[in-house]
Amino acid sequence: MDDESFELELRKQLAYWQRVLYLQDWTVELRVVRQWEMTDNQTLAQCENHVQRKDAIIYVLNPHDLPGLSSRFLNGEECDYDISLVHELLHLHFAPFRNENDTTAHEQVINAISRGMVKVWRNKDNENGSDALCVPVMGKTEGYL
Ligand SMILES: [Zn+2]
């Protein structure tokens, strides 16, 4: 998948999951960035949000930089763009409840929900054929490394 197709698929996914998660009232900008542009350089995506304004920027790691992540990371489901996108969107709902002194429980619940939602979405897609709102599963890292 080339860079342009990758970004196009991500934007389709963003629009789809914003509808599913009832986040259409948020303005969410998507930026595909290089590893050195991320404040956490061991993650696939991160989010800046302003709850009062209901706007956010989701930064997604350019697939060209996947080899720069640790091999342990690359073998995990953390390296899944679908789950990462849903994860960052869920942060918008959960932002008012975030305790900056201890984010562990916060991240764990968002991880669990995002994994579960993507799992259900993928199973539905497999059983019922393609849904007009769905784009093909972006998969993990095949085709990028
Ligand atoms: Zn998170």
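Student: In strand 3, which residue is the bridge partner of Glu 48?

Tutor: Good place to start! In this predicted model, Glu 48 has Ile 57 of strand 3 as its bridge partner. You can follow the ladder further: Cys 47 stands opposite Ile 58, and Gln 46 stands opposite Tyr 59.

Student: Do these two strands run parallel or antiparallel, and how many bridges join them?

Tutor: Strand 2, residues 45–50, and strand 3 run antiparallel, with six bridges joining them. Together they form a hairpin that has four residues between the strands. Look in the turn for Lys 54, whose phi is positive, about 55°.

Student: What is the bridge partner of Leu 30 in strand 3?

Tutor: Ile 58 is the partner of Leu 30. Here the pairing is between strand 1, residues 27–33, and strand 3, and it is parallel, over seven bridges. Ile 58 is also the residue that Cys 47 stands opposite.

Student: In what order do the strands lie in the sheet?

Tutor: The order is 1-3-2, in an open sheet of three strands with mixed pairing. Strand 1 and strand 2 are at the edges; each has a single partner strand, so one side of each lacks a neighbour in the sheet. On average, neighbouring strands are turned by 15° against each other, direction ignored.

Student: Which helix touches strand 1 and strand 3?

Tutor: That is helix 1, residues 3–20, which packs on the sheet. The direction of helix 1 makes about 155° with that of strand 1. Helix 3, in turn, lies across strand 2 and strand 3 and runs at about 20° to strand 2.

Student: How should I think about side chains in a strand, and how many residues of strand 3 are buried?

Tutor: As a general idea, side chains in a regular strand alternate between the two faces of the sheet. In this structure, strand 3, residues 55–61, is mostly covered, with five of its seven residues buried.

Student: And how many residues of helix 3 are buried?

Tutor: First the general idea: an α-helix has 3.6 residues a turn, so residues three or four places apart point the same way. Now the case here: helix 3 is mostly covered, with 12 of its 14 residues buried. Among them are Tyr 81, Ile 83, Leu 85, His 87 and Leu 92.

Student: Why should helix 3 span 20 Å?

Tutor: Helix 3 covers residues 81–94, and at 1.5 Å a residue its 14 residues should span 20 Å. The end C-alpha atoms of helix 3 are 20 Å apart, which agrees.

Notes. Residues are numbered from 1 along each chain as its sequence is written. This is a predicted model: local features need pLDDT of at least 70, side-chain atom pairs count only at pLDDT 80 or more; totals for chains, interfaces and linings use all residues. A residue is buried if 20 or more other C-beta atoms lie within 10 Å of its own, exposed if 12 or fewer, and partly exposed in between; C-beta atoms are placed from the backbone. Two strands pair if DSSP finds at least two bridges between them. The expected span of a helix is 1.5 Å times one less than its number of residues. Axes are lines fitted to C-alpha atoms, for helices over the stretch in contact, and angles run from 0 to 180 degrees between N-to-C directions. Two residues are in contact if their C-beta atoms, placed from the backbone, lie within 7 Å.
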